[in-house]
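User: Can you take me through this structure? I'd like to start with how the chains are arranged.

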There are 2 protein chains.
Amino acid sequence: MQLLADKPATEISLREVARAADVSHNAPYHHFSDRRGLLKTLAERSMAELVADVRAALEGAPDATAALIAGGQAYIRFAVERPHAFDVIYDPTVCIPGAPTATMAPLIDELETLLGGAVVDAGLRASDLTACWGLVHGLGTLAAAGHFRLDVATDSFESAARAMLAG
Amino acid sequence: MQLLADKPATEISLREVARAADVSHNAPYHHFSDRRGLLKTLAERSMAELVADVRAALEGAPDATAALIAGGQAYIRFAVERPHAFDVIYDPTVCIPGAPTATMAPLIDELETLLGGAVVDAGLRASDLTACWGLVHGLGTLAAAGHFRLDVATDSFESAARAMLAG
DNA sequence: GGTCCAATCTTGACAGTGTCTATTTGATTG
DNA sequence: CAATCAAATAGACACTGTCAAGATTGGACC
């Protein structure tokens with residue numbers, strides 16, 4: 001996780017992890033089946049932290065509308081502030097949504113429940129979860145890649161969400 | 001580009017490209033500066049095709065509202081049908097938005113002009129480009145990763161766009 | 001105490017990869 | 001014809017993921 005703060009998961013090697021832990025180059029194989037096994041674990045931990053961030057934002061909001069906006073903005077902020085952690089969560093070569101890890105599956109469910117609940121509580125239809133999730137995911141990804149700034153992304157989400165609520 | 005249809009850019013090796021072209025393992029170095037140089041070229045070609053798809057969708061639409069929806073849906077469809085090409089376009093280790101390639105820069109501009117024009121023509125504010133781009137990007141990415149189906153993503157974009165137009 | 005066992009770590013080896021250097025080829029051009 | 005220059009080549013290096021086969025450990029049990 002420490003290495004993941006500085007470089008993309010793709011560029012993290014098992015031997016590098018071993019060196020950082022000051023053990024032999026093969027010690028990681030007694031803790032992870034594979035290089036992909038390591039990445040799976042990184043993805044699970046990252047997802048747990050993303051879910052925690054979103055939940056904290058939802059719980060800290062005064063009303064349902066504010067909760068939807070705060071939750072979405074927390075999602076976007078996570079993507080921008082921890083881009084490599086965010087990327088590894090959604091890397092399809094690491095975790096296939098159709099067949100997720102035993103640890104990952106409930107986290108995905110929880111994220112969907114949190115976001116879905118916020119969408120419905122704010123007065124939107126349940127099917128609008130797709131749009132809201134897509135919106136924060138795309139804004140977060142593009143902002144993380146540098147296509148626009150974080151505050152532009154969060155403001156943009158807020159006004160789009162309000163437009164959907166009004167419409 | 002042929003290899004990119006079957007596997008992510010990350011898993012394409014220069015030596016593999018050389019074998020596919022039936023040349024020595026070092027021949028690619030006379031056409032690309034670097035492994036990253038190859039990926040940059042793949043990103044540029046992919047971006048050109050994405051822009052072409054979006055433009056074709058815009059031009060084939062009967063009115064401004066239909067154009068916005070068709071353009072966004074073309075973007076989503078590209079992401080789902082050619083996920084590896086889509087990924088390499090937005091890979092920040094390949095092309096940094098702040099300092100894009102000479103070939104990539106005008107393509108990014110063109111995409112923004114196309115989408116921005118569609119947004120404004122349909123009656124939205126220019127600042128809504130961010131939300132629309134983020135929306136199709138996120139829906140495309142999540143659908144490509146398998147989090148929901150293509151038709152769910154395109155339908156979701158259509159109804160969200162109509163909601164924004166009505167609000 | 002002694003004995004087993006499972007985890008953990010180690011060294012050593014292998015093929016594959018990106019990249020550097022130096023050398024050869026082959027066509028274009030003066 | 002000779003010169004030149006781009007394109008391709010072979011060879012080498014460090015690095016990587018992964019496999020195999022031994023070490024070391026610490027506790028559970030007789």
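Analyst: What follows covers the symmetry, the chain contact and the DNA side.
Analyst: This is a predicted model, where local features need pLDDT of at least 70, side-chain atom pairs count only at pLDDT 80 or more, and totals for chains, interfaces and linings use all residues. Residues are numbered from 1 along each chain as its sequence is written, with chains lettered from A and ligands numbered from 1 in the order in which they are written.

User: What turn lays chain B on chain A?
Analyst: A turn of 180° with a shift of 0.0 Å along the axis, giving an RMSD of 0.0 Å (least squares on the C-alpha atoms of residues with pLDDT of at least 70 in both). That is the relation of a two-fold axis.

User: Which C-alpha of chain B is nearest the axis?
Analyst: That of B:G138, 1.7 Å from the axis.

User: How many residues are in contact between the chains?
Analyst: 31 of chain B with 31 of chain A; contact means C-beta atoms, placed from the backbone, within 7 Å. The copies meet through the same surface, since 100% of the interface residues of chain B are also interface residues in chain A.

User: Which element of chain B gives the most to that side?
Analyst: α6(B), with eleven residues. Helices here are DSSP runs of H or I, at least four residues, numbered from the N terminus.

User: Switching to DNA. Which residues come nearest to strand D?
Analyst: A:S13, A:L14, A:R35, B:V23 and B:S24, of the 13 around DNA strand D (C-beta atom, placed from the backbone, within 6 Å of the strand).

User: And which helix gives the most there?
Analyst: Helix α1 (residues 14-20) of chain A, with three residues.

Technical notes:
Contact = placed C-beta atoms within 7 Å. Helix = DSSP H or I, 4+ residues; strand = E, 2+ residues; numbered from the N terminus.
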